[in-house]
Amino acid sequence: MPRDPAELAAAAADAVAAGAGEVRIRPRTPCGGASLSPRVVGPALTAVRSAVRVPVAVAVDAWAEPDPARRVARIRAWEELPDLAWVPWHEPGAEETAVALLARGVAVEAGLRADTAGPDLFARSPVAARVRRIVAEAPDDGAGPWALALAAAHGPVPVLLHGTGPAAWPVLRLARRLGLDGRIGLEDTLSLPDGTRARSTAEQVRAALSASGPGSVVDIPSSPGRRDVDDRS
């Protein structure tokens, strides 16, 4: 798994060469912990941008910084800015985090997970109309009605649909059938569609594009399977 900036950059370059149209990274400290410190985020972004010419997103969540106030302070201290930032709306401080990102000129992806309060909180949020994209996490490939209702409710805001673990590949196929964006990466699943272990994110991208068409988003994780794996988005 890639950890330091050079490894993240190499993994991103391989994934883009395989066909990824965007990457999402999770910067980490030398000890391996996720971090939003400008001393961690800056070098990671610089390295990845030197290797690819596609949008680069950063995961901004409680895993990287559990304290909402400190999370906002970290964002305000960034010197190098990502193109996008993924904010899970079911976590405390999501709206304040999004406002801080928008104030810095960073586009926001609203992470909405099925079976949480996130979708309802987002629907009532004054920030909802300002997000770049909704990233919807479905528990399985039976979530088509939920995904379509989400897309209809938020009109022009694009929806990216994904799953994690065993749901990753079935939900990717569902996203294709529904005409929604999709993503794949080692943070979502460590496997290929046939269940064998993936050797790299690039290998997953090639498998995804063989079924999903060009332009997929890819996660470049730095540790195996967390909750949603994206390392979980």
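The buried residues of helix 4 pack against helix 3, strand 3 and strand 4 (107-113), where buried means under 20% relative accessible area, exposed means over 50%, and partly exposed lies in between, with a 1.4 Å probe and protein chains only. Contact, a word I will use often, means heavy atoms within 4.5 Å, and helices (H or I, at least four residues) and strands (E, at least two) are DSSP runs numbered from the N terminus.

Before going on, I should say that this is a predicted model, in which local features need pLDDT of at least 70 and side-chain atom pairs count only at pLDDT 80 or more, while totals for chains, interfaces and linings use all residues. Residues are numbered from 1 along each chain as its sequence is written, and side-chain values use heavy atoms, with hydrogens and water left out.

Let me stay with helix 4 for a moment. Its buried residues are Ala 94, Thr 97, Ala 98, Ala 100, Leu 101 and Leu 102, and just after the helix comes Gly 105, which takes a positive phi of about 85°.

Now to its partner. Two packed helices are described by the angle between their axes and the distance between the axes. Axes here are lines fitted to C-alpha atoms, for helices over the stretch in contact, and angles run from 0 to 180 degrees between N-to-C directions. Helix 3 (residues 68-77) and helix 4 (residues 94-103) have axes 9 Å apart and pack at an angle of about 10°. The two are therefore roughly parallel to each other, since angles under 35 degrees count as roughly parallel, over 145 as roughly antiparallel, 65 to 115 as roughly perpendicular and the rest as oblique. On the helix 3 side the contact is made by Arg 71, Val 72 and Ile 75, and on the helix 4 side by Glu 96, Thr 97, Ala 100 and Leu 101. By class, this contact has four nonpolar, one polar and two charged residues, where Ala, Val, Leu, Ile, Met, Phe, Trp, Tyr, Cys and Pro count as nonpolar, Asp, Glu, Lys and Arg as charged, and the others, Gly among them, as polar.

Val 72 of helix 3 is a good residue to look up on your screen. It is buried, with a relative accessible area of 9%, and, not counting residues up to four places away in sequence, it touches Glu 96, Thr 97 and Ala 100.

The loop between strand 3 (84-88) and helix 4 holds Glu 91. Is Glu 91 buried or exposed? With a relative accessible area of 16%, Glu 91 is buried, and, setting aside residues up to four places away in sequence, it touches Asp 61 and Ala 62.

A second helix pair lies earlier in the chain. The axes of helix 1 (residues 5-18) and helix 2 (residues 38-51) come within 8 Å and cross at roughly 35°. Pro 5, Leu 8, Ala 9, Ala 12 and Ala 13 of helix 1 make this contact with Pro 43, Ala 44, Ala 47, Val 48 and Ala 51 of helix 2, and these residues divide into ten nonpolar, no polar and no charged. Ala 12, for one, is buried, with a relative accessible area of 0%, and its C-alpha atom is separated by 6.7 Å from that of Val 23, eleven residues apart along the chain.

Val 23 also appears around Ala 57, a residue of strand 2 (residues 56-59). Leaving aside neighbours within four places in sequence, Ala 57 is in contact with Val 23, Arg 24, Ile 25, Leu 84 and Glu 109, and it is buried, with a relative accessible area of 1%.

For contrast, please turn to Asp 115, in the loop between strand 4 and helix 5 (118-123). Asp 115 counts as exposed, at 75% relative accessibility. Its phi is near 65°, a positive value in a residue other than glycine. Most residues other than glycine have a negative phi.

To end with the whole protein, there are eight helices and eight strands. The radius of gyration is 16 Å, close to the 17 Å that the globule rule gives for 233 residues, so the protein is as compact as a globular protein of that length; this radius is taken over C-alpha atoms, and the rule is 2.2 Å times the number of residues to the power 0.38. Of the 233 residues, 57% count as buried.
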